[in-house]
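Please work through the following exercises with the sequence and the structure at hand. Each task is followed by a solution that goes step by step.

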Amino acid sequence: MRLVHPKQAKPEEASPAKSGVSRRNFLLGGVLAGGALMVGWGVQPPRQRLHTANPLALDGDAMALNGWIAIAPDGTVSVVVPRSEMGQGVHTALPMLVAEELDVPLASVRIAQAPIDKIFANLTVLRENLPFHPDDTGNTRQGAQWLMAKLGRELGIMFTGGSTSVKDAWMPMREAGAVARAMLLKAAAEQWKQPEARLRTEDGFVVHPGGSRIGYGALAAVAARVGAGIEAGDVRLKEPREFRLIGKPLARLDSRAKVDGSAMFGIDARPPGMLYAAVKMAPMVGAMLVDYEKAAASRPGVIKLVQTPGLGDEYSGIGAGVAVLATSWWQAREALEVLRIRWVVETTEKLSTESVFEEFARALDGESGYVYHETGTQDVRGAALTVSAEYRAPFLAHAPMEPVNCTAQVVDGKVRLWASTQVPSIAVDVAARVAGVDREDVSIEVMLLGGGFGRRLEVDMVSQAVAVAMAADGRPVQLIWTREQDIKNDVYRPAALARFRAHLDAQGNILAWDNKSAGGAIGHQYFQRNLGLPGLGPDKTAAEGEYDMQYAIANQRIAHVIVDSPVPLGYWRSVGHSHNAFFKEAFLDEVAHAAKRDGVEYRRALLKEHPRALAVLDAAIARAGQPEAGRAHGVALHRSFGSTVAQVAEVSVEGTQIRVHRVVCAIDCGLVVNPNIVAQQVESGVLFGLSAALYGEITHKGARVQQSNFGDYQVVRMNEAPHVETIIMPSAAHPEGVGEPAVPPVAPAVASAVFKLTGQRLRSLPLRLS
């Protein structure tokens with residue numbers, strides 16, 4: 001079979017830095033594109049997030065009280081959870097928000113899958129993706145974020161990521177619970193002929209002043225009728241002092257199923273008559289499929305060969321390849337060994353790790369970059385000392401433990417998906433596009449995710465599975481990747497190169513701080529690849545963790561040069577913070593050392609304007625105490641996703657082997673819904689970040705990824721895992737992110753301790769001693 005594909009050149013687009021457009025004007029120009037948007041849609045009130053466009057699909061005699069809650073006659077409360085559970089605990093934390101305001105025990109709650117509906121869109125992730133400094137509280141920021149939230153409501157993207165699940169659900173899910181409770185009170189008042197103010201609710205019952213009780217299940221049908229007009233603005237939410245569930249270390253709702261094996265992940269889908277598919281994809285970055293031989297079709301169990309389209313291009317890009325459809329996955333996998341595909345590679349054959357960093361260096365030498373944050377001046381002529389350094393970080397793979405997979409069925413013009421996905425609405429859109437059907441003709445069952453880390457924000461596996469299912473004569477197909485395919489065909493955390501320069505006065509105080517980095521832009525690729533939107537303007541993730549630091553330095557300039565990446569890029573747990581925190585904190589340690597000052601005291605002096613951050617640092621230091629003999633403590637402080645984390649790593653070195661024994665982690669994440677889940681997330685983040693700090697690296701040679709499995713893409717094993725102690729700072733502030741903030745500080749904390757032990761400055765990740 002031969003394919004023809006004309007090569008089309010795309011015109012280069014001027015970057016905002018080159019065109020001279022100011023940051024805010026460019027930003028708002030992008031947000032407010034078109035006067036009609038601003039004058040018409042932009043001035044309309046925000047749309048409600050209480051009622052779905054279509055009635056909820058209910059089991060038995062359950063009665064929906066709004067788009068989030070249904071109550072069965074036996075009092076069981078079904079709570080719609082619009083975020084994917086990938087181990088982070090949202091199937092417990094989010095129902096707690098509803099149960100708190102509804103006044104029901106968490107044990108009576110059952111999880112219901114969210115339908116594809118705009119009220120379940122993640123508004124916070126768009127609102128917080130704007131490159132404003134956290135200390136900027138002006139009208140420009142507030143207006144832009146308001147508009148981005150409205151845009152998110154219109155787009156309706158259901159998105160689990162950016163440590164935003166609780167932040168985004170905090171109000172709508174509590175409001176849904178409070179509205180349902182008001183409806184039930186109204187129903188009981190009508191039945192008892194009592195004023196609502198005289199009634200109260202408790203543990204799933206409405207209680208009469210005389211002491212008699214009636215369960216929610218008995219009231220639900222009446223409540224749906226008499227309380228239909230109650231809206232979010234009509235109810236009062238509880239004050240923190242009234243909380244009975246929020247803030248308590250309640251057991252997770254998903255634990256039992258994960259222990260006894262009944263939990264259903266994407267790879268566990270077993271629709272009747274299912275076939276299997278394995279896929280072979282490009283062995284080199286940028287390769288385009290030309291043709292393939294059909295000999296593999298004669299292998300035992302093989303039904304047919306199917307070409308799979310790439311996202312963004314039919315013959316190249318992530319997902320492009322040839323799949324083998326067979327009666328078992330192993331038969332499909334074996335047939336891949338004899339499947340011969342001819343690829344053509346043009347511009348990327350010389351791509352290597354060395355060439356990538358050489359291009360970054362040229363960009364830093366020749367371009368000023370886009371300035372994300374600037375205060376004061378860099379013209380400091382009275383400086384007594386100048387400190388400078390260069391840091392680098394590699395590409396990283398996601399490597400979630402559950403293999404990449406998707407199950408799809410196409411029959412009678414309808415598509416059904418079983419998928420472990422962080423973006424069900426995007427999965428539905430791409431399935432409809434591939435199958436050539438309307439969006440309404442696609443249904444999806446969102447399964448549990450065996451790890452996400454950003455990899456399942458992509459829908460390449462969905463595109464592949466639907467393409468194969470279209471050739472399966474109506475039978476469902478489960479497509480599975482091998483671990484090797486996952487490592488070699490990922491969308492990677494960007495590599496980056498950063499340069500720093502600090503001018504100090506005679507007392508060692510920082511007079512000016514200059515930081516310029518270079519690397520790819522995830523957003524430019526992601527939005528084009530998955531949403532068909534152009535990648536334009538500054539990408540916040542490229543410089544986050546550098547431009548938004550908490551340290552009070554009068555004269556700052558933080559810029560980034562976007563270098564277009566032939567390597568596919570994707571969101572990786574903690575995104576730009578994952579490497580920029582290492583750059584920033586490690587360099588600050590160098591500055592403190594040059595100033596002949598202790599690194600902790602140096603930080604304390606720079607945090608006087610941020611007492612909450614200072615309290616986090618002090619809490620971690622106090623808990624850590626003194627290191628054991630032969631070990632050293634390294635310290636790092638970083639703010640990401642709205643939360644501030646301080647970590648103290650206790651480290652030893654034997655030869656060239658770095659060993660981390662203990663990590664003390666203090667976190668201020670605002671008001672905590674469930675402290676157990678926060679501690680679990682911190683422990684997970686520390687181990688994830690430590691794997692990257694000590695081992696994580698994707699390298700290229702001849703445009704080929706050199707790593708293939710956990711043998712050469714190593715992660716921290718159980719015998720290497722440090723003891724992690726979590727300190728949760730008390731707060732009544734709005735909840736902030738938890739899933740990712742513990743990842744970024746690990747690497748700089750370890751590097752700091754290694755310097756104390758060896759005198760070696762490690763400026764490249766992963767950390768390796770010579």
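**Exercise 1. Classify Asp 473 as buried or exposed, and describe its backbone.**

Solution. In this predicted model, Asp 473 has a relative accessible area of 71%. The cut-off for exposed is over 50%, and Asp 473 is therefore exposed. Its location is the loop between α13 and β18 (477–480). The next step concerns the backbone. Most residues other than glycine have a negative phi. Asp 473, although not a glycine, has a positive phi of about 55 degrees.

**Exercise 2. Determine where Val 477 lies and which residues it touches.**

Solution. Val 477 belongs to strand β18. Its relative accessibility is 0%, and because buried means under 20%, Val 477 counts as buried. Residues up to four places away in sequence are set aside for the contacts. Those that remain include Met 274, Leu 275, Tyr 276 and Ala 277, together with Cys 406, Thr 407 and Ala 408. Also among them are Leu 325, Val 468, Ala 469 and Ala 472. A separation along the chain can be set beside one in space: Val 477 and Pro 195 are 282 residues apart along the chain, and their C-alpha atoms are separated by 57 Å.

**Exercise 3. State how far the C-alpha atom of Leu 339 is from that of Ala 296, and whether Leu 339 is buried or exposed.**

Solution. Leu 339 and Ala 296 are 43 residues apart along the chain, while 5.3 Å separates their C-alpha atoms. Leu 339 is found in the loop between α10 (329–336) and β12 (341–344). With 1% relative accessibility, Leu 339 counts as buried. Beyond the residues up to four places away in sequence, Leu 339 touches Ala 296 itself, as well as Lys 280, Glu 293, Leu 305, Val 322 and Val 324.

**Exercise 4. Check the span of helix α6 (residues 139–155) against its number of residues, then examine one of its buried residues.**

Solution. Helix α6 has 17 residues. The expected span is 1.5 Å times one less than the number of residues, so α6 should span 24 Å. The end C-alpha atoms are 24 Å apart, which agrees.

The buried residues of α6 are Arg 141, Ala 144, Gln 145, Leu 147, Met 148, Ala 149, Lys 150, Gly 152 and Arg 153. An α-helix has 3.6 residues a turn, so residues three or four places apart point the same way.

One of the buried residues is Gln 145, whose relative accessible area is 17%. When neighbours within four places in sequence are left aside, Gln 145 is in contact with Arg 127 and Leu 130. Just after α6, Gly 156 takes a positive phi of about 70 degrees.

**Exercise 5. Describe how helix α17 (residues 577–594) and helix α18 (residues 599–606) cross.**

Solution. The two axes come within 9 Å and cross at roughly 105 degrees. Angles of 65 to 115 degrees count as roughly perpendicular, and α17 is therefore roughly perpendicular to α18. On the side of α17, the contact is made by Glu 585, Leu 588, Asp 589, Val 591 and Ala 592. On the side of α18, Gly 599, Tyr 602, Arg 603 and Leu 606 take part. By class, the residues of this contact are five nonpolar, one polar and three charged.

**Exercise 6. Find the geometry of the aromatic pair of Phe 453 and Phe 688.**

Solution. The model has 17 aromatic pairs. In the pair of Phe 453 and Phe 688, the ring centres are 4.6 Å apart and the planes are 40 degrees apart, and the pair is tilted. Phe 453 is in the loop between β17 (442–446) and α13 (460–469), whereas Phe 688 is in helix α20 (residues 675–694). The pair thus links distant parts of the chain, 235 residues apart.

The two residues can next be classified. Phe 453 has a relative accessible area of 24% and is partly exposed, whereas Phe 688, at 14%, counts as buried. Phe 453 also has a positive phi of about 60 degrees, although it is not a glycine.

**Exercise 7. Identify the cis peptide bond at Pro 766.**

Solution. Most peptide bonds are trans. The bond that joins Leu 765 and Pro 766 is cis, with omega about -5 degrees. Pro 766 is found in the segment after α21 (746–758).

Terms used:
Residues are numbered from 1 along each chain as its sequence is written. This is a predicted model: local features need pLDDT of at least 70, side-chain atom pairs count only at pLDDT 80 or more; totals for chains, interfaces and linings use all residues. Side-chain values use heavy atoms; hydrogens and water are left out. Helices (H or I, at least four residues) and strands (E, at least two) are DSSP runs, numbered from the N terminus. Buried means under 20% relative accessible area, exposed over 50%, partly exposed in between (1.4 Å probe, protein chains only). Contact means heavy atoms within 4.5 Å. Axes are lines fitted to C-alpha atoms, for helices over the stretch in contact, and angles run from 0 to 180 degrees between N-to-C directions. Angles under 35 degrees count as roughly parallel, over 145 as roughly antiparallel, 65 to 115 as roughly perpendicular and the rest as oblique. Ala, Val, Leu, Ile, Met, Phe, Trp, Tyr, Cys and Pro count as nonpolar, Asp, Glu, Lys and Arg as charged, and the others, Gly among them, as polar. Rings of Phe, Tyr and Trp (its six-membered ring) pair if their centres lie within 6.5 Å; planes under 30 degrees apart count as stacked, over 60 as edge-to-face and the rest as tilted.
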